[in-house]
Protein chains: 2
Amino acid sequence: MIKVNENYEKLAGNYLFAEIAKRTKEYQAKNPDKKVIRLGIGDVTQPLAPSVVDGLAAGAKEMGSADTFMGYRSDEGYEFLREAIRKMDFLPRGVDIAIDEIFITTGAKEDTANFQELFSLDTKVAVPDPVYPVYVDANVMAGRTGKFVDGRYEGLVYLDCSKVNDFTPELPKEPVDLICLCFPNNPTGQVITKDQLKRWVDYARKNKAVILYDAAYEAYIRDPEIPRSIFEIDGAKEVAVEFRSLSKTAGFTGTRLGYTIVPKDAVAYDSDNKPVPLNKLWNRRQATKFNGVAYLIQKGAYEVFTEKGRAECNKIISYYMENAKIIGDGLKSIGIDFIGGTNSPYIWLKTPGGLSSWDFFDKLINEIQVVGTPGAGFGKCGEGYFRLTSFGKREDVISAVERIKTLKI
Amino acid sequence: MIKVNENYEKLAGNYLFAEIAKRTKEYQAKNPDKKVIRLGIGDVTQPLAPSVVDGLAAGAKEMGSADTFMGYRSDEGYEFLREAIRKMDFLPRGVDIAIDEIFITTGAKEDTANFQELFSLDTKVAVPDPVYPVYVDANVMAGRTGKFVDGRYEGLVYLDCSKVNDFTPELPKEPVDLICLCFPNNPTGQVITKDQLKRWVDYARKNKAVILYDAAYEAYIRDPEIPRSIFEIDGAKEVAVEFRSLSKTAGFTGTRLGYTIVPKDAVAYDSDNKPVPLNKLWNRRQATKFNGVAYLIQKGAYEVFTEKGRAECNKIISYYMENAKIIGDGLKSIGIDFIGGTNSPYIWLKTPGGLSSWDFFDKLINEIQVVGTPGAGFGKCGEGYFRLTSFGKREDVISAVERIKTLKI
């Protein structure tokens, strides 16, 4: 008799964004005449940059001719793209990443979920709270977390992020092996300074731990002093892996391309305490379970790493950052407390009137038809908070802010 | 101290196709003037069908306009594509699959590798030998196989496929929980009749086992009596999951789209022996670890399920099948024994002169610069066999056959 992986039963509720989509759909079905504005799931609304569209179309055309057709190639991604990433994302920040340390994939969600496979099942995992649910759920499914009791998994170490520590996690008091960090943070929008990040790198080196660093929102950093990559920190290449994505950098939420940096110096240890390079393990994982990203998608993505394409993308990012300012100004005007919205597309607000996150969600959709993300969905420390995103269309953002100002709170 | 997943150390050698690519590259580097013909990795060479190229280009264009831009949508795939698959692939064969039983993904390799995650770690897995290495390696990495001893993993049940049983696996003598089947078979090219397949379905129902049925090559079946889907067999929906791919159906090896059918009736069991629907579990897995296939790829894929697009694809399949005939005729003319090549793009030949598979590989590349796949790379029963694919360009296939005829054997 075949048995299921019973770790799935430990998952607490639906995947957060699936749950929001479900509730929104139900509301809309009951109220078909109401216009719902979605500032929830963090999906972008602006079209792809013209250079990217041209790249995709050129790729499609190449696939139609025998001379330029592309079949299986490198599971790790085309060199033209990896070289462009190296030159545009890292070298200008003083970080020298080799091409074979860059793995092209279908997205940071997939990679942050899959990377835990390389580690032993008794790995002690630390996650921030609030946290992007994928880091947690992937470890639950693998069996590393134990049971869900009182809103937390018994086997995880939670790094509380609250007003007390300015939503910046502190080093854990107990030893941990694997540390998930995300900056600019999803969901809080908080960023990290070089000094703060160095403390994490030093901790990982001292404790022979690994940091999984999610930098999916680095393109939103405007302050030149804020690190865009963990590899700007000395010694990070020995202990960190970095996840990046074009989803928010270039509107690829529906086009799907991410890239993961696995330095050759980064290691975990075998049972004889001998170091094993993560680059080699990840390569083996990808070669076995993945077959690369579509050629034409990589061809389109390449344009993001040209001067022209990047300028087009930055214009779109500025548009979203202006949205963030409009939301922030609106919240300020009615006295709602928040962080984020600068160096980040996310705004993390304290729910007014002491409402729970989900009560505020229900209030917003029912009273003013605005959808956001309940902070409690990101963890215990998220209770009483709410995430808004700046990825809407300008007119929707303006309407949403006008509606929020009418809230009786 | 962070520990690696030591199951990776149990993996026997490189991923097969990575090893072939490596050896081929090394040969070519040493012999830059020689023209190597690749009939090895099973990659297609003909361009995408014109309708598909148009679909991709139209999708790219839509992504460039705010009105038609597509961001995150369904992790499971767009309904327009799933409905088209339902209508073209299944209904005409008398199989009624619901849209929410179809999951669009980036390929059958990924899905056959990932699906094992839904099952408990003590699942007893049966695989054919020879076998597509992904089924085995994914289970090795998860820790279900034990050690590799004398060419086999101690914890797997191998279903020997040899000349004795006409390369068709027989029911296992010991009870198993999970059965990997692939028809038309990779690597042997063998197909299965409805009666033979029914025996597997009956076995799975009786033993509460699950069949993972890889139908990636079903488009090559020309005999109307041969089942294209396991769901043509009564009762299969309770015990089977089917993997399909456009890689060989429509030349998507470098464009990446597969689809997996998980019927709502298919179940595994929890520790109280209560049935748990696999459809629900897979949905949760995909929602957490995957973010869907690029919209424009789905838009291009849709064309494969229109009358016009399918006719174009079938023309390409006929071209490859003619290649298979040319290879088969060539082998016959020099007395080399083989199966496959009808209802399948693969030709599985007995190495002449009793050579080992890898010796024959070396002989072929060194003497006549033809690359194929050593049968031993697919398992113990593959030793002394060799796989050729029909996916080459016609002129290369003709040259390869001429060269093979000159072999001193």
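**Exercise 1. A helix and its two sides**

Which residues of H3(B) are buried? Work this out in the predicted model, then describe how the buried residues are arranged around the helix.

*Solution.* Begin with the extent of the helix: H3 of chain B covers residues 79-90, and its twelve residues, taken at 1.5 Å a residue, should span 16 Å, which agrees with the 16 Å that separate its end C-alpha atoms. Next, pick out the residues that have 20 or more other C-beta atoms within 10 Å, since that is the cut-off for calling a residue buried. The residues of H3(B) that count as buried are Leu81(B), Arg82(B), Ile85(B), Arg86(B), Asp89(B) and Phe90(B). Looking down the axis of H3(B), one finds these buried residues within an arc of 140°, so they line one face of the helix. The spacing can be understood from a general rule: an α-helix has 3.6 residues a turn, so residues three or four places apart point the same way. On the other side of H3(B), Phe80(B) and Lys87(B) are exposed. Finally, ask what lies over the buried residues of H3(B): the cover includes strand S2 (102-105), strand S10 (258-261) and H8 of chain B.

**Exercise 2. A strand between two partners**

Is strand S17 of chain B largely enclosed or exposed, and which strands are joined to S17(B) by bridges?

*Solution.* First count the buried residues: in S17(B), which runs over residues 385-389, five of the five residues are buried, so the strand is largely enclosed by the rest of the structure. Then take the two faces in turn, for Tyr385(B), Arg387(B) and Thr389(B) are buried on one side, while Phe386(B) and Leu388(B) are buried on the other, and both faces of S17(B) are therefore covered. The next step is to look for partners. Strand S14 (residues 346-350) of chain B is joined to S17(B) by five bridges, and the two run antiparallel; within this pair, Tyr346(B) stands opposite Thr389(B). Strand S16 (residues 373-374) of chain B is joined to S17(B) by two bridges, again with an antiparallel run, and here Thr373(B) stands opposite Arg387(B).

**Exercise 3. The order of a sheet in chain A**

In what order do the four strands of the open sheet in chain A lie, and which are the edge strands?

*Solution.* Start with the order, which is S13-S14-S17-S16 in chain A, with antiparallel pairing. In general, strands of a sheet pair through backbone hydrogen bonds, either parallel or antiparallel. The edge strands are S13 and strand S16 (373-374) of chain A, each of which pairs on one side only. To check one neighbouring pair, note that two bridges join S16(A) to strand S17 (residues 385-389) of chain A, and that Thr373(A) has Arg387(A) as its bridge partner in S17(A).

**Exercise 4. Two domains of chain A**

How many residues does each domain of chain A give to the contact between them?

*Solution.* The domain assignment gives domain 1 (6-47 + 308-405) and domain 2 (53-306) of chain A, and the C-alpha centres of these two domains lie 24 Å apart. The contact takes 35 residues from domain 1 of chain A and 42 residues from domain 2 of chain A. On the side of domain 1 that touches domain 2, the elements giving two or more residues are helix H9 (307-333), strand S13 (338-340) and strand S14 (346-350) of chain A. The largest share of that side, seven residues, comes from H9(A). Sorted by kind, the residues of the side of domain 1 divide into 18 nonpolar, eleven polar and six charged.

**Exercise 5. Where the two chains meet**

How many residues of chain B are in contact with chain A, and which element of chain B gives the largest share?

*Solution.* The count comes first: 73 residues of chain B are in contact with 74 residues of chain A. Several elements give two or more residues to the side of chain B that touches chain A, among them helix H2 (50-63), helix H5 (133-142) and helix H7 (278-289) of chain B. The largest share of this side, seven residues, comes from H2(B). By kind, the residues of this side of chain B divide into 41 nonpolar, 17 polar and 15 charged.

Terms used. Residues numbered from 1 in each chain as written. Chains lettered and ligands numbered in written order. Predicted model: local features only at pLDDT ≥ 70, side-chain atom pairs only at ≥ 80, totals over all residues. Contact = placed C-beta atoms within 7 Å. Nonpolar A, V, L, I, M, F, W, Y, C, P; charged D, E, K, R; others polar. Expected span 1.5 Å × (residues − 1). Buried ≥ 20, exposed ≤ 12 C-beta atoms within 10 Å, placed from the backbone. Arc of directions from axis to C-beta. Pairing = 2+ DSSP bridges. Domains from an automatic or database assignment.
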